[in-house]
Amino acid sequence: MAEITCIEDLRRLARKRVPRMFYDYVDGGSWTEYTYRANEADFQRLEFRQRVAFDITQRSTATTMVGLPVSMPVAIAPTGLTGMQHADGEILAARAAKDFGVPFTLSTMSICSIEAVAQATDHHPFWFQVYVTRDRTFVEGLIERARHAHCSALVVTMDLQVFGQRHKDKKNGLAIPPKPTLRNLANMASKPRWCLNMLRTRNRQFGNIVGHAKGVDNISSLVDWTREQFDPRLSWQDVAWIKQRWGGKLIVKGIQDPEDARLAVEHGADAIIVSNHGGRQLDGAASSISALPAIVEAVGRHAEVHLDGGIRSGQDVLKAVALGARGTYIGRAMLYGLGALGQQGVSTALEVIRNELDLSMAFCGRTDIREVNREILLHR
Ligand SMILES: Cc1cc2nc3c(=O)[nH]c(=O)nc-3n(C[C@H](O)[C@H](O)[C@H](O)COP(=O)(O)O)c2cc1C
């Protein structure tokens, strides 16, 4: 196997190793995929201001996110079906994040349950992401389970109350477990490593839902379940209710507009995530990095502003921090690592990003990520 030097290498390897249906679930956006592409492309448009002749011997990428120490301003984003990229995917990614000193966020739509992740990481605190369902008792249950597992922050996602159509998922008939059609069976047969690992684990269902949500002992279609269960009436009062019930750090995810950012903070957010769900929901929305400055301007003095969407390198992280993000999240960069090489792949993704972040910061004449600001960018 050729040496892995960047996230793109991990993506190529993941494409070879992960069954088509699950690879496609990751590598795509909604409708025309304009926003999905813009998330990456708009990072490219920002240019650094190179500086020389500073003492750059001692450098640090360590900072905090919602008051918690992190070895670099990068958390793992919540992603559904992670345990289908690689058997026990959530557990492996959580372990890699723990070793690296960055937060891992578990999705409501994970394969491994809250309890399984807590146990497999020796109860090291992770973050939990909540989707608000019509059945509020289920939401209450999730919050209590997260508390019991010592989760150190709750992330509530606001931008998936209706589902942005992703053509590939529809065409592939995305289901858990995959339907045994001839096409699926033939494709799986070409991924023996994935199949073997999958046979060895018991985590093959939506671990947070099956057996926990009322009357649900089997869900095969993520799309159908979300369509039926996710509450389209989700409001700021629900955010305040969650904050009050949870009592700990609350991060509100899926913010694209300064006015929504203000409302999120008014209703209890300690941090907000500028996010368009990785270009998977409203196609035609602005890229996250272009939406960031106005949101920092609106709420940056009152709450932390985080960002996700399109981060494929440490340089992207540095640009987001320069424009005011206190922290960032990686979705696909982590999933490619996981699909390619399991836990080692997630560690490699984090190492690649930290290395790029550290060196780029040095080229800009800075030695401490906490002192990075707009001055490291040209045309600011
Ligand atoms: C395959 C996949 C599944 C996702 N599932 C969830 C989820 O369950 N909950 C959530 O809040 N966001 C989810 N997201 C969005 C991510 O948390 C994050 O916003 C996005 O991946 C960031 O963009 P990036 O992939 O370009 O880093 C998902 C993203 C991907 C790619």
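This section describes the overall fold, the ligand site and two local backbone features of a predicted model.

The chain contains 15 helices and 10 strands. Its C-alpha atoms occupy a box of roughly 60 × 50 × 40 Å along the principal axes. The radius of gyration is 20 Å, and because a compact globule with 380 residues would have a value near 21 Å, the chain agrees with that expectation.

The ligand is surrounded by 23 residues. P78, S107, T157, D308 and G310 are the closest of these. By residue class, the shell around the ligand consists of seven nonpolar, 11 polar and five charged residues. Two of the helices that contribute to this shell are α2, spanning residues 20-26, and α15, spanning residues 332-363; each provides at least two of the shell residues.

Polar side chains approach both oxygen and nitrogen atoms of the ligand. In the side chain of S107, which also belongs to the closest residues, an N or O atom lies 2.7 Å from an oxygen atom of the ligand. For Y131, an N or O atom of the side chain is found 2.8 Å from a ligand nitrogen atom. The side chain of K253 likewise places a polar atom 2.9 Å from a nitrogen atom of the ligand. Of the 600 Å² of accessible area that the ligand has on its own, 99% is covered by the protein. The space that the ligand takes up is the largest cavity.

Two features of the backbone were also noted, each in a loop. The peptide bond that joins I176 to P177 adopts the cis form, with an omega angle near -10°. P177 is located in the loop that connects α7 (167-172) with α8 (182-189). The second feature concerns A53, a residue that has a positive phi of about 60° although it is not a glycine. A53 lies in the loop between helix α3 (34-45) and strand β1 (63-65).

Note on methods: Residues numbered from 1 in each chain as written. Predicted model: local features only at pLDDT ≥ 70, side-chain atom pairs only at ≥ 80, totals over all residues. Heavy atoms only, no water. Near = heavy atom within 4 Å. Polar contact = N/O pair within 3.5 Å; in protein donor to acceptor, adjacent residues only side chain to side chain. Areas by Shrake-Rupley, 256 points an atom, 1.4 Å probe, with all protein chains shown as cover. 1 Å grid on protein atoms, 1.4 Å probe; cavity = no way out; pocket = protein on both sides within 12 Å on 5 of 7 lines; lining within 4 Å. Sits in = over half its atoms within 2 Å of the grid points. Helix = DSSP H or I, 4+ residues; strand = E, 2+ residues; numbered from the N terminus. Nonpolar A, V, L, I, M, F, W, Y, C, P; charged D, E, K, R; others polar. Rg over C-alpha atoms; globule rule 2.2 N^0.38 Å.
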